Amino acid sequence: MSFKEITPQQAWEMVQQGAILADVRDAGRYAYSHPKGAFHLTNQSFLQFEEKVDFDSPIIISCYHGVSSRSVATFLAEQGYENLYSVIGGFDGWMRAELPIETAY
């Protein structure tokens, strides 16, 4: 496996230490609410992501329930990123853990 699975709590601790958190959910869900400080990673924002993030930076992928983040992490590994993590339970798990979020409201 080219990435590690971590709990939402571990993800939040890593974000506070400078890890990049990438939310791969659709634009509507991301706009409504997302983990605090998360980058919205889409096909359209990937070039911006590449410019911003070093290959050896810790990158945490979050999706809805922790399933599609695995394939995104695998894709990023194929692009040369080395330090990849997938959030177990995705944003759903993040909410259940009562971790900080940003909302549109």
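Me: Which way do E5 and E6 pair, parallel or antiparallel, and over how many bridges?

Reply: Two strands are said to pair if DSSP finds at least two bridges between them, and here E5 and E6 pair in the parallel sense over four bridges. Helices (H or I, at least four residues) and strands (E, at least two) are DSSP runs, numbered from the N terminus. This is a predicted model, in which local features need pLDDT of at least 70 and side-chain atom pairs count only at pLDDT 80 or more, while totals for chains, interfaces and linings use all residues. Residues are numbered from 1 along each chain as its sequence is written, and side-chain values use heavy atoms, with hydrogens and water left out.

Me: Which residues stand opposite each other in these strands?

Reply: Pro58 stands opposite Asn83 in E6, and the bridge partner of Ile59 in E6 is Leu84. Ile59 of E5 is also the bridge partner of Ile20, and E2 and E5 pair in the parallel sense over four bridges. E6 is joined to E1 by three bridges, again in a parallel run, with Lys4 opposite Tyr85 in E6.

Me: What kind of unit do E5, H4 and E6 make?

Reply: A crossover is right-handed if, with the strands pointing away from the viewer, the path from the first strand over the helix to the second runs clockwise. By that convention E5, helix H4 (residues 68-78) and E6 make a right-handed β-α-β unit.

Me: Why is E5 described as largely enclosed by the rest of the structure?

Reply: Buried means under 20% relative accessible area, exposed over 50%, and partly exposed in between (1.4 Å probe, protein chains only). Four of the five residues of E5 are buried, so E5 is largely enclosed by the rest of the structure, and E6 is likewise largely enclosed because four of its five residues are buried.

Me: How should I read the buried residues of helix H1, and where do they lie around the axis?

Reply: An α-helix has 3.6 residues a turn, so residues three or four places apart point the same way. In helix H1 (residues 8-16) the buried residues are Pro8, Ala11, Trp12, Met14 and Val15. They cover an arc of only 160° around the axis, which puts them on the same side of H1; the arc is that of the directions from the helix axis to the C-beta atoms. These buried residues pack against strand E1 (4-6), strand E2 (20-23), strand E5 (58-62), strand E6 (83-87) and helix H5 (90-96), where contact means heavy atoms within 4.5 Å. H1 is followed by Gly18, whose phi is positive, near 105°.

Me: Where does UniProt place the feature "active site", and is that residue buried or exposed?

Reply: UniProt positions are given in the numbering used here, feature names are shortened, and annotations may be inferred rather than shown by experiment. The unreviewed UniProt entry places "active site" at Cys63, which lies in the loop between E5 and H4. At 1% relative accessibility, Cys63 counts as buried, and, not counting residues up to four places away in sequence, Cys63 touches Val24, Arg25, Ser68, Ser69, Gly90 and Phe91.

Me: Which residues does Tyr30 touch?

Reply: Tyr30, in helix H2 (residues 27-32), is buried with a relative accessible area of 16%. Not counting residues up to four places away in sequence, Tyr30 touches Asp23, Arg25, Ala38, Phe39 and His40.
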